[in-house]
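Welcome! Please take a moment with the sequence and the structure below, and then let us walk through them together.

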Amino acid sequence: MAGKQQQRPLLPVPRLATADVCDAMGDAVQVVALPFSDYGGRLDFAGPVATVRTLDDNSFVKSMLETPGEDRVLVVDGGASLRSALVGGNLAGLGVKNGWAGIIVNGLVRDAHELIAADIGIKALGLYPKKSEKLGRGETGVAITMGGVIIEPGMWLTADTDGVVVTKSIPSL
Ligand SMILES: O=C([O-])CC(=O)C(=O)O
């Protein structure tokens, strides 16, 4: 008897697909070309960008997530460091509580089982069990360069399982 074929779970249809944004807006779209994986409970998220730049210190990630998110996306340039996790279950929970749409980390995160249960988008380069320092290093509200793209606060970011794209303003398709 033939066994039942195992099917991969269906992905939700994005409200605004990054592929459609790319097709419709051409050169006005920049793809953040980094090998992100999804860790949050939301696979599909978008909003105005807020930025943090830091290295192995998540003080500013926390202080930003403590402010009202207003459906923004926090983009964290962690310098692609593989030495510590910049976001875990507590910070993800803060992001949910304060109304952030998502967190994108050019670096690592931890507490995968908590992140997946959090109603927020979280993309990062990978997982790592050790937390970062909290010594107040870093800056916020600055232009950052990630995946070959300059990302400035106030730009519009669209993310889904295909990837991450930024545009100067909200895409109109
Ligand atoms: O506290 C940290 O540095 C990161 C973390 O584990 C959390 O957000 O729960």
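Around the ligand you will find N58, A85, V87, G88, G89, N90, L91, R110, D111, K131 and S132. Two elements give two or more residues each to this shell, namely strand 5 (85-87) and helix 3 (89-97). Helix 3 supplies the largest share, with 3 residues. Sorted by class, the shell holds 3 nonpolar, 5 polar and 3 charged residues. Please keep in mind that this is a predicted model.

**What UniProt adds**

Which residues of the shell does a record also mention? An unreviewed UniProt entry places the feature "binding site" at G88, G89, N90, L91 and R110. These residues span 23 residues in sequence, yet no two of their C-alpha atoms are more than 10.3 Å apart, so they gather at one spot. UniProt also lists D111 for "binding site", again in an unreviewed entry.

**A closer look at G88, G89 and D111**

Let us take these three in turn. G88 sits in the loop between strand 5 and helix 3. Apart from its neighbours within four places in sequence, G88 is in contact with V109, R110, D111 and K131. R110, D111 and K131 also belong to the residues that surround the ligand.

G89 has its place in helix 3. Its contacts, leaving aside neighbours within four places in sequence, are D111, E114 and L115.

D111 is found in the loop between strand 6 and helix 4 (112-115). If residues up to four places away in sequence are not counted, D111 touches G88 and G89.

Is D111 buried or exposed? D111 is buried, because 21 other C-beta atoms lie within 10 Å, and 20 or more are needed for that label. G88 counts as partly exposed because it has 19 C-beta neighbours inside 10 Å. G89 is partly exposed too, with 16 C-beta neighbours inside 10 Å.

**Two more loop residues**

Next come two loop positions, D119 and R137. D119 lies in the loop between helix 4 and strand 7. With 11 C-beta neighbours inside 10 Å, D119 counts as exposed, since the label applies at 12 or fewer. Leaving aside neighbours within four places in sequence, D119 is in contact with G41, R42 and V96. What separates D119 from V21 in space? The two are 98 residues apart along the chain, and their C-alpha atoms are separated by 24 Å.

R137 has its place in the loop between strand 7 and strand 8 (139-140). It counts as partly exposed, with 15 C-beta neighbours inside 10 Å. Beyond its neighbours within four places in sequence, R137 is in contact with T54, L55, D57 and S59. For R137 and S59, the distance in sequence is 78 residues, while their C-alpha atoms are 6.9 Å apart in space.

Here are the neighbour counts of these residues side by side.

| Residue | C-beta neighbours inside 10 Å | Label |
|---|---|---|
| D111 | 21 C-beta atoms | buried |
| G88 | 19 C-beta atoms | partly exposed |
| G89 | 16 C-beta atoms | partly exposed |
| R137 | 15 C-beta atoms | partly exposed |
| D119 | 11 C-beta atoms | exposed |

**How strand 7 is joined to other strands**

Which way do strand 2 and strand 7 run, parallel or antiparallel? Strand 2 (residues 37-38) and strand 7 (residues 121-127) run antiparallel and are joined by 2 bridges. Here D38 stands opposite K123 in strand 7. Strand 6 (residues 102-109) runs parallel to strand 7, and 6 bridges join the two. V105 has A124 in strand 7 as its bridge partner.

**The chain as a whole**

Stepping back, the chain has 4 helices and 12 strands. Its C-alpha atoms fill a box of roughly 60 × 40 × 30 Å along the principal axes. With 173 residues, a compact globule would have a radius of gyration near 16 Å, and the chain agrees with this because its own value is 16 Å. Of the 173 residues, 38% count as buried, and D111 is buried as well. Taking contacts between residues at least 6 apart in sequence, 75% join residues at least 24 apart.

Terms used
Residues are numbered from 1 along each chain as its sequence is written. This is a predicted model: local features need pLDDT of at least 70, side-chain atom pairs count only at pLDDT 80 or more; totals for chains, interfaces and linings use all residues. A residue is near a molecule or strand if its C-beta atom, placed from the backbone, lies within 6 Å of it. Ala, Val, Leu, Ile, Met, Phe, Trp, Tyr, Cys and Pro count as nonpolar, Asp, Glu, Lys and Arg as charged, and the others, Gly among them, as polar. Two strands pair if DSSP finds at least two bridges between them. The radius of gyration is taken over C-alpha atoms; the globule rule is 2.2 Å times the number of residues to the power 0.38. Two residues are in contact if their C-beta atoms, placed from the backbone, lie within 7 Å. UniProt positions are given in the numbering used here, feature names are shortened, and annotations may be inferred rather than shown by experiment.
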